[in-house]
Amino acid sequence: MPDTISPSQRHTCMSHIRSSNTKPEVKLRKALFGLGYRYRVTKKGLPGSPDLVLAKYRTCIFVNGCFWHGHKDCRYATSPKTNAEFWRTKIENNRERDLRDYTFLESLGWRVIVVWECELKKDRIDGTIASVREQLDANRESWLAEQADRRKRRKEWAAEIRRRRDLKHTVITNIAKS
């Protein structure tokens, strides 16, 4: 079936689709802010430009549109009838890029939470917010435990350096006396 509008009209329609400050993203931000969470919006320096970054929790949150990111088994992730091959390829590339970005962020020590557009609909938003909250709290505890472990290892390493320095000093002193 041919497209019912002209290419210039289609271009105009598509150019009005936003990539940040979308309704689902704003909904999630307002809910988290109301619960006392503070975050940075659309952090450009990180891979994938996460929608929300909670540094205190070492967590990045992505709010994905079901259509654009190919949410499996979702009624909002429909396949367009026109130019189907283009859209299939585009959505598949988006999914691969997302997976690559999530993996890279995790390798940098960040935790990744993905919230789908359909999970922020009226009937599901409360459960989604509760789930995100649980994940954030778990991430914070994990991050604090990692930080405490790092501090402990740093102290142990500093003590080892002092012990080696003292041993070296003792050996040099003994050699000088002989």
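How many salt bridges does the count come to? I began my notebook with this, and the count comes to seven salt bridges. I note at the outset that I am reading a predicted model.

**Entry 1: helix H3**

I looked up helix H3, which covers residues 84-107, and found that its 24 residues reach 35 Å from the first C-alpha to the last, close to the 34 Å expected at 1.5 Å a residue. I then asked which residues of H3 are buried. I wrote down Trp 87, Ile 91, Asn 94, Asp 98, Asp 101, Tyr 102 and Leu 105. Among the elements that cover these buried residues I found helix H1 (7-15), strand S3 (59-64) and strand S4 (111-116). Just after H3, I came to Gly 109, which takes a positive phi of about 95°.

**Entry 2: the strands beside H3**

I next followed the chain through S3, H3 and S4, which together make a right-handed β-α-β unit. S3 and S4 run parallel, and six bridges join them; for one residue, Cys 60, I looked up the bridge partner in S4 and found Val 112. I also checked how far S4 is covered, and since five of its six residues are buried, S4 is largely enclosed by the rest of the structure.

**Entry 3: two loop residues with positive phi**

I reminded myself that most residues other than glycine have a negative phi. With that in mind I noted Ser 49, which has a positive phi of about 45° although it is not a glycine. Ser 49 sits in the loop between strand S1 (40-41) and strand S2 (52-54), and its relative accessible area of 25% makes it partly exposed. I made a similar note for Arg 58, which is not a glycine either and has a positive phi of about 50°; Arg 58 lies in the loop between S2 and S3.

**Entry 4: a salt bridge within H3**

I returned to the salt bridges, keeping in mind that side chains of opposite charge can pair when their charged atoms come close. In one of them the side chains of Arg 88 and Glu 85 meet at 2.6 Å, N to O. Both residues lie in helix H3, three residues apart, which is about one turn of the helix. I recalled that an α-helix has 3.6 residues a turn, so residues three or four places apart point the same way. I also looked up the accessibility of both partners: Arg 88 is partly exposed at 49%, and Glu 85 is partly exposed at 48%.

**Entry 5: a salt bridge between S4 and H4**

Which residue forms a salt bridge with Arg 111? I found Glu 146, with the closest N and O atoms 2.6 Å apart. This pair links distant parts of the chain, as Arg 111 is in strand S4 and Glu 146 is in helix H4 (residues 125-177), 35 residues apart. Arg 111 has a relative accessible area of 17% and is buried, whereas Glu 146, at 29%, counts as partly exposed.

**Entry 6: salt bridges in H4**

Finally I looked along helix H4, where Arg 163 and Glu 160 are three residues apart and therefore separated by about one helical turn. Their side chains meet in a salt bridge of 2.7 Å, N to O. I recorded Arg 163 as partly exposed at 44% and Glu 160 as partly exposed at 21%. I closed the entry with a network of salt bridges that links Glu 160, Arg 163 and Arg 164.

Key
Residues are numbered from 1 along each chain as its sequence is written. This is a predicted model: local features need pLDDT of at least 70, side-chain atom pairs count only at pLDDT 80 or more; totals for chains, interfaces and linings use all residues. Side-chain values use heavy atoms; hydrogens and water are left out. Helices (H or I, at least four residues) and strands (E, at least two) are DSSP runs, numbered from the N terminus. The expected span of a helix is 1.5 Å times one less than its number of residues. Buried means under 20% relative accessible area, exposed over 50%, partly exposed in between (1.4 Å probe, protein chains only). Contact means heavy atoms within 4.5 Å. Two strands pair if DSSP finds at least two bridges between them. A crossover is right-handed if, with the strands pointing away from the viewer, the path from the first strand over the helix to the second runs clockwise. A salt bridge is a side-chain nitrogen of Lys or Arg within 4 Å of a carboxyl oxygen of Asp or Glu.
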